[in-house]
Each structure stands twice: as C-alpha cells, then as structure tokens.
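Work through the exercises below with the sequence and the structure at hand. Each task is followed by a solution in steps.

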Amino acid sequence: MTDTPKLIIRFALVAEQPDSRDEERLSSVSSENSIAGIKRYTGFVRGRDLFGLFDHVSLEANPRAAKVGSVTTAILESLETTPELFPFKSKGILIGTSTYEALQRNRFELAFKDPASEGILDGGHNMLAIGLHMLSAVAEEKEIARIALWEEMKELWTGYRKELEKEKESFDFLVPVELLVPSDIEDVRAVQQFEMSVLEICAARNNNAQLTQETKSNKLGFYTEIRDRLDPKIAARVEWKSNEWESSETRPIKVRDLLALSWIPLNKANEADLLPLNISVTPQNIYRNKGECSKQFDKLMRDPGVSAPIAGEGPTHDLHNDTVKSCFDILADLPTLYDQIYEDFPEAYNSNNYRFGSSAIVKMYDPVKRETAKDKAAYVATQPMTHYLNRPVYYRYPDGLIMPLVYGLKGLMEIEDGRVVWATEPKAFLKKYLRDIAGAYRLVLDMARFDPQKLAKNQASHEFAVGEFEKALLKHRAKKAVA
C-alpha cells in the first residue's frame, strides 16, 4: 500500500448515492443488500482538478484503449466552442476504486491498488480529449497533431507538466465525474463484492462502444497463460484489447485468431472427456465463426473447474486446470506451425507433380518474371508475409485453402496422464511428411475447385486432413520401430 500513489480530486458539486438516509430506507424495504456493496458520488469536477488523474492514472482498467479519432475530435470541438455546455453534452468519466477517503470540501483521496481493474473504467476518450485540450495551451500545434494514443498524450503531458501548472487556473470548465467505491470500506465482504462487480459495470458502461467479448475476457485474466507461453514476437503483435493498435501500424493479430486455434487441442481434450464440461467447437467454426470460438472459450474459462478468482485481486482469475494448461502449451506452437504450413505447402504440393500456381486464386511473387509476364495479374508487386511471424513467402493465397491442414495437426496430438501433448515434434514432422499429406490433400482441393470458402467451411475437409496426419504419424512410428 505504501507504494501505491495517492491522488486527490475535488468536486465543484457532488451528490452521494445512497446517503445514510437512503440506506436506512433501503434496509427497511429489504434485508438483502440492494445496492450490491457499492456507493457512488456523482457531480462535476473542474478541468484543473483532474490534474491528479492525468499525473498518476493509466487507462489500463478501461476495456478499450483510447485513440484519437472522430470521437475525440467532437469532444475537443465541444470544449473549445461551448465549454459551458460540455458537462451536459458528455457522459464524462467513470472512476472506480476500493481504496478511498472522503475529505472535507468535496475532496476525495484515491488510491488504485490494482490498475488493471481500478482507475478510469469508462471515459478514456474524454480523458484523452481533455488532456489534448489542456496541452494545446502550452504545446506546439505540430506536437499535438502527432498524438494518436493515450500513452503518447501522457508522454507529452509529462514533458509540459511545469508549463501546465502555470496555466492550471484557466481550466475551469466542468467535467461530469462519477466515482464508484465500496459501500463500506471497513467491511471486507463489501470490498470483495465491489471488486467483483467492477468488471461487469465496466463492461455494461462500454456496451455502446461495442465492447468485445475478448476484451472482457482479457480483463478477467483469461489470456494471461496464453500470453506467457507465446513467442514474445507474436505476443507483442496481438491486439489483446480493442483499439490497442494504430491503424497505420502493421496489421495486428486479433486475439480471436488465437482463441480459434486453441480449440484444436481443446477439442482433442473434450473428445477424451478431460474437460470439466462437455464443450467444443466444430472444425469449420475455427475459420468461419471466430466469435463463437471466443464465446465458447469464455464459457470454458469461467467454469470453476477451470479457473477461479484470485483472492484480493478483484475479477482476475487464475487457471488451475492442468488439461487446459496443456492445451495452451500446444497452442503456443500453433501460430508458428500455421506459418510453416502456409510457407511450405505450395512447394509440397508442387513436389507431387502438380502446379499450385495454376489456380487463379494463387498469386506469386517474382519481380523479374512479373516484368516480362503477359499476365501480370498472376503476380503480386509486394512480397507476401506469413500471418503470425511476418516471414516473407513467395505465394499469396487465401488462408482458407490450408485451414483444414492446420486443423489436421490434431492428428499429431495424444493424451498422456490427462494432458494433451504432441505425439512427435511437429515442426520436424511437417518438414518430413507435408509432401505426402499435400499429395493426398489434392483430392480435397479438386473437389472444392480451389474454393477456400468451400474448403474451410466444410467439416469433412478438416476430418480428412486429421486422418492424413494420423496416417503419416503411423508411417513415422513404423519407420522408427524398424530402425
């Protein structure tokens, strides 16, 4: 606690809900806790009295990362043209903390023990726009124009902190602020109830902003074990919560792409009755309905047999199911294997005396041949890259063509002491047997006429691929037995 920074915000006007008289009336109506262990203070705070928030608070607790766009532009326009109407045009800022003290003169001392679940729960774009508005009084216009994300605004805020202090009294516009705190900070049960409620409140307040299922699951800590197992290069490119990436950056990896892949080993575990509930996704949904994969993943992770809230850490859950942990061990390898299949499949297919590039849906990268080719449409001008590790490749084609093969990796998984494990080292196995599998897979490609949608959305093509991997594994084991 001593290391947790404290800050003071002062309301110009504030109302307490429920106050002591409200609590008496509520208790006379029902013996149950009808206010869910939560008290709130609502009112208006002047811009200058938000300095403490800008100095010490991140937007980590806000499910959506704040970024400059049409929303912040509209807020800035309101602050600049009609500041007197701003408190009535804006829904303002929502703050939540389990550690606070009500002081005199409408002041509140706040501390955020767990920045991941306490702090600014909603209103990140308001905070970003207000910060930009105040910075415009001291910073150059070109410096403001370069800011796209909250973190960049905070960096500029720190750089101009002394200059901002001199202008502080001029920021007298009002901002609607709502402060949520436990109804009784001396009651451990009330504090715990408050901490568990914060996430649901946060999610509900962000509904109008289309808060994704993945963002809520990330807040619950469901992705921690996945993130810790991933190649750091891949983990750094994953958009773990909405708006985390600038649109100008390299296309990020959507977290639901990983959740979809997780169902390959999770389906294997479910087939062996190793999960605490009967839950799975159809193979084709890994490609065509990643939203469903995400929902099923959330349902699995919420099960008490899989994870449980960590005492004293609010809504954050801890994974305690060894089978699911083993599936995440497998998942950690799948992005690299996905890229390996995408990169090696064309040549593996061609090695069977077929021509992968003969399909119009396949494009090749060859700058020299493109210069003299009659049909330049068969070539791409920029070199394609793999999905997860951004490795350069020489063929560009829809991922749907190989999704059944990616799912086919389930044929290399087996059960050992209640855990899903690789039956053999998968990278080396692909190097040795992908040619054989590609030769058999031609039947599926021909039947679908190289239509990636037909391939990836057909359960039979996935089951065929699993069977081919299983056959290749039997062949591999037979060779080892003879040797």
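The exercises concern a predicted model and go from the whole chain to single helices, single residues and a pocket.

**Exercise 1. Describe the overall make-up of the protein: its helices and strands, its buried share and its contacts.**

Step 1. Count the elements: there are 21 helices and 16 strands.
Step 2. Take the buried share: of the 483 residues, 51% are buried.
Step 3. Look at the contacts with a separation of 6 or more: 73% of them join residues 24 or more positions apart.

**Exercise 2. Determine whether the residues of α5 are buried or exposed, and compare the span of α5 with the expected one.**

Step 1. Helix α5 covers residues 124–135, which is 12 residues.
Step 2. From first to last C-alpha, α5 reaches 16 Å, close to the 16 Å expected at 1.5 Å a residue.
Step 3. Apply the cut-off for burial, under 20% relative accessible area. Among the residues that pass are Gly124, His125, Asn126 and Met127 at the start of the list, and His133, Met134 and Leu135 at its end.
Step 4. In total 12 of the 12 residues of α5 are buried, so this helix is largely enclosed by the rest of the structure.

**Exercise 3. Analyse α21: its span, its N-terminal end and the packing of its buried residues.**

Step 1. Helix α21 runs over residues 459–482 and has 24 residues. Its ends are 35 Å apart, C-alpha to C-alpha, close to an expected 34 Å.
Step 2. At the N-terminal end, Asn458 acts as the cap, with a side-chain oxygen 2.7 Å from the backbone nitrogen of Ala460.
Step 3. The buried residues of α21 include Ser461, His462, Ala465, Phe469, Leu473 and His476.
Step 4. The partners of the buried residues of α21 are α18 (403–408), α19 (426–448) and α20 (452–456).

**Exercise 4. Compare two asparagines of α13, Asn267 and Asn270, by burial and contacts.**

Step 1. Asn270 sits in α13, residues 255–271, and Asn267 is in α13 as well.
Step 2. Asn267 has a relative accessible area of 4% and Asn270 one of 10%. Because the cut-off for burial is under 20%, Asn267 counts as buried, and Asn270 likewise.
Step 3. Beyond four places in sequence, Asn267 touches Ser280, Val281, Tyr407 and Lys410. The side chain of Asn267 also reaches the backbone oxygen of Val281 at 2.8 Å.
Step 4. With the same exclusion of neighbours, Asn270 is in contact with Leu275, Leu277, Asn278, Ile279 and Ser280. Ser280 therefore appears in both contact lists.

**Exercise 5. Place Lys427 in the structure and find what it touches.**

Step 1. Lys427 belongs to helix α19.
Step 2. The relative accessible area of Lys427 is 38%, so this residue is partly exposed.
Step 3. Lys427 touches Thr336, Leu337 and Gln340, residues up to four places away in sequence being left out.
Step 4. Asp333 is 94 residues from Lys427 along the chain, and their C-alpha atoms are separated by 9.1 Å.

**Exercise 6. Characterise the second largest pocket by volume, lining and residue class.**

Step 1. The second largest pocket holds about 330 Å³ of space.
Step 2. It is lined by 21 residues, and those closest to its centre are Arg355, Gly357, Met364, Tyr379 and Tyr395.
Step 3. The elements that give two or more residues to this lining are α16 (322–350) and β13 (363–364).
Step 4. Sorted by class, the lining has 11 nonpolar, four polar and six charged residues.

Definitions and conventions:
Residues numbered from 1 in each chain as written. Predicted model: local features only at pLDDT ≥ 70, side-chain atom pairs only at ≥ 80, totals over all residues. Heavy atoms only, no water. 1 Å grid on protein atoms, 1.4 Å probe; cavity = no way out; pocket = protein on both sides within 12 Å on 5 of 7 lines; lining within 4 Å. Points joined across faces, edges and corners; volume = space filled by probe spheres on them. Helix = DSSP H or I, 4+ residues; strand = E, 2+ residues; numbered from the N terminus. Nonpolar A, V, L, I, M, F, W, Y, C, P; charged D, E, K, R; others polar. Buried < 20%, exposed > 50% of the residue type's maximum accessible area, 1.4 Å probe, protein only. Contact = heavy atoms within 4.5 Å. Expected span 1.5 Å × (residues − 1). Polar contact = N/O pair within 3.5 Å; in protein donor to acceptor, adjacent residues only side chain to side chain.
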